[in-house]
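Reader: I should like to learn how to read the individual features of a structural model. Might we work through one together, feature by feature?

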Amino acid sequence: MLKGKVRAPEIDRPGLEWFNVERPLSLKDLEGKIVLLDFWTFCCINCIHVLPTLAILEEAFPEEVVVIGVHSPKFEAEKDSANLRQAIARYGITHPVIQDPEHVLWQQYAVRAWPTIVFLAPDGTVLGQTSGEPSRDKLLRFVADLLQQAAGADQLRPSLLALAPEPRPAGALSFPGKMRRIPGTALWALADSGHNQIALLDEDGEIVRRFGSGANGFDDGTAEDASFSAPQGLACGEAVIYVADTGNHALRRIDMDTGTVETLAGTGQRGMILGGLEDAAKTALASPWDLVLAGDAVYFANAGTHQLGVLDLSGSTIQPIAGSGAEDIADGPALEAALAQPSGLAISPDHGTLYFADSETSSIRAVGLREPRMVSTLVGAGLFEFGHVNGPFAEARLQHALGIDLLGDGSPIVADSYNGAIRVLDLAAGEVSDLDDGTYTCTDTLCIPAAEPAGVTVAEDGRIFLVDTNNHRVLVYHPENRTYRTWAA
């Protein structure tokens, strides 16, 4: 008989908010099914990597298996249910999700790390748990074995669960990521992540062209036939756009003259820690999140392995330039340093320093691109050190920053995502401040706060563009008259 030794703690607890279902579910409601409790938090790249595997599992066993996400927030912003609702829509999660801001279920189930999956038997007892990213094939085989045992014991009661998934946005943009100017033109490239496309916009913020069919896929070809999966970062050269195709764990190139999309690096599968010099086409990457271009070098943030890498366009090779693969904040020799989900990149004008937003440590860091390569931290103190604090670098705090660019004087400007703010790091003074200190005026008819902005870019004329991800728009700031407005939506 398939059962564990311990009765599972009840999941229908007072005060916990549920999503994707019309009412909370109790363990009694789930009797006769194998239940997977997925303990996750939406900032966590490893948690995001698990979602496609869970979706395959749900599709394979729709009546016998139930996945329930237990959202156990790390950051303050993740405790806001409105932000969780957006994340559920962004990642296309259709199974039930519980918001557990005080980690009640986390503690009851003795969870210690994100992500963790707890397996429950059809009789409501605990079978066990596994932490980290499970192997897709092993997880499918394991669940299939559990189902076979349960069927042999006549424990299964198959039925479809009544679901009410969160709706996806219906506007021209959907959860956009980062935006960059295409050199020598009046065009901007924008990663329209929720639409699995790259959009071209003119100076008025109007979309003039799209690359990608809109389907979630991994196909090269024409602008209309090619497909992407939740692209986030971009780097632009003359008549070419390089794409961090995050969901496909790949780097792609768009030829603007022909509209052709081709894959430069990545296999479509989640890769492990980057090692030495490798053939780019055969190297599996892990959620590349941003790119910068410097001559024949495309530097990329390999968020899923907590590393920075470089693609050599002339030799079609890839190698790591910073990060050991450990998730932490530790400076020093570049390949020995510890990073934590780098998600935004900017390069100094002399191509000597690469600045990066290290999102899980809420930090802004830098790596020298000339030997000896060293990693240093400008702002940030640890995996659980975050906030919205201005002042000296040592005391300032950010909250899960995702985007970065440089102002004309070389100072980093940051999309401080979970604070919904633009922050400026004054390198000369060693201080952090908000770009908008309360003196900027919004000139929109309806003014709303920024929501998890993922990208920031500075135009040559000094305008500052903020990709306001959860509001599905781009804002433009005019420092000369201290105004801002919606530029594209």
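Reader: Let me begin with a side chain. Which residue's side chain does the side chain of aspartate 225 join in a polar contact?

Author: The model is predicted, and every value here is computed from it. The side chain of aspartate 225 makes a polar contact with the side chain of threonine 222, at 3.1 Å.

Reader: Where is aspartate 225 placed, and is aspartate 225 buried or exposed?

Author: Aspartate 225 belongs to the loop that runs between strand E11 (207–211) and strand E12 (233–237). Exposed means over 50% relative accessible area. Aspartate 225 reaches 53% relative accessibility and therefore counts as exposed.

Reader: Which residues does aspartate 225 touch, if those up to four places away in sequence are not counted?

Author: On that count, aspartate 225 touches Ser213 and Asp219. For a longer span, one may take serine 131: between the C-alpha atoms of serine 131 and aspartate 225 there are 38 Å in space, with 94 residues of separation in sequence.

Reader: Now a second aspartate. Where is aspartate 358 placed, and is aspartate 358 buried or exposed?

Author: Aspartate 358 is part of strand E23 (residues 353–358). Buried means under 20% relative accessible area. Aspartate 358 has a relative accessible area of 0%, so it is buried. Strand E23 as a whole is mostly covered, with five of its six residues buried.

Reader: What lies 3.0 Å from a polar atom of the side chain of aspartate 358?

Author: The backbone nitrogen of alanine 340 lies at that distance. Leaving aside neighbours within four places in sequence, the contacts of aspartate 358 include Asp328, Leu339, Gln341, Pro342, Ser363 and Arg365.

Reader: How should one read the sheet that holds E23?

Author: Strands of a sheet pair through backbone hydrogen bonds, either parallel or antiparallel. In this case five strands form an open sheet, in the order E21-E25-E24-E23-E22, with antiparallel pairing. Strand E21 (332–333) and E22 are the edge strands, each of which pairs on one side only.

Reader: How many bridges join the strands along this sheet?

Author: From the E21 edge, two bridges join E21 to strand E25 (residues 374–379), and proline 333 stands opposite methionine 374 there. Six bridges join E23 to strand E24 (residues 363–368), where leucine 354 has valine 367 as its bridge partner. At the other edge, E22 and E23 pair over five bridges, and glycine 344 is the bridge partner of alanine 357.

Reader: Which residues take a positive phi in the hairpins of this sheet?

Author: The hairpin of E22 and E23 has five residues between the strands, and histidine 351 takes a positive phi near 60°. The hairpin of E23 and E24 has four residues between the strands, and there serine 362 takes a positive phi near 50°.

Reader: In what sense does E35 pair with E31 and with E34?

Author: Strand E35 (residues 483–488) pairs in the parallel sense with strand E31 (residues 441–442), over two bridges. Cysteine 442 stands opposite tyrosine 484 in that pairing. With strand E34 (residues 473–478), E35 runs antiparallel, joined by five bridges, and histidine 478 stands opposite threonine 483. The hairpin of E34 and E35 has four residues between the strands, and arginine 482 takes a positive phi near 55°.

Reader: Let us turn to empty space. How many cavities of 30 Å³ or more does the structure hold?

Author: The structure holds two. The largest has a volume of about 210 Å³. Its lining has 19 residues, and Arg90, Tyr91, Trp289, Leu402 and Glu452 lie nearest its centre. By class, the lining of the largest cavity divides into 10 nonpolar, seven polar and two charged residues. The second largest cavity has a volume of about 30 Å³, and its lining residues include Leu27, Glu31, Lys33 and Pro122.

Reader: What is the volume of the second largest pocket, and which residues are closest to its centre?

Author: The second largest pocket holds about 790 Å³ of space. It is lined by 26 residues, with Arg180, Ile347, Asp405, Thr457 and Val458 closest to its centre. Among the elements that give two or more residues to this lining are E12, E22 and strand E32 (455–458). By class, the lining of the second largest pocket has 16 nonpolar, six polar and four charged residues.

Conventions: Residues numbered from 1 in each chain as written. Predicted model: local features only at pLDDT ≥ 70, side-chain atom pairs only at ≥ 80, totals over all residues. Heavy atoms only, no water. Pairing = 2+ DSSP bridges. Buried < 20%, exposed > 50% of the residue type's maximum accessible area, 1.4 Å probe, protein only. Contact = heavy atoms within 4.5 Å. Polar contact = N/O pair within 3.5 Å; in protein donor to acceptor, adjacent residues only side chain to side chain. 1 Å grid on protein atoms, 1.4 Å probe; cavity = no way out; pocket = protein on both sides within 12 Å on 5 of 7 lines; lining within 4 Å. Points joined across faces, edges and corners; volume = space filled by probe spheres on them. Nonpolar A, V, L, I, M, F, W, Y, C, P; charged D, E, K, R; others polar.
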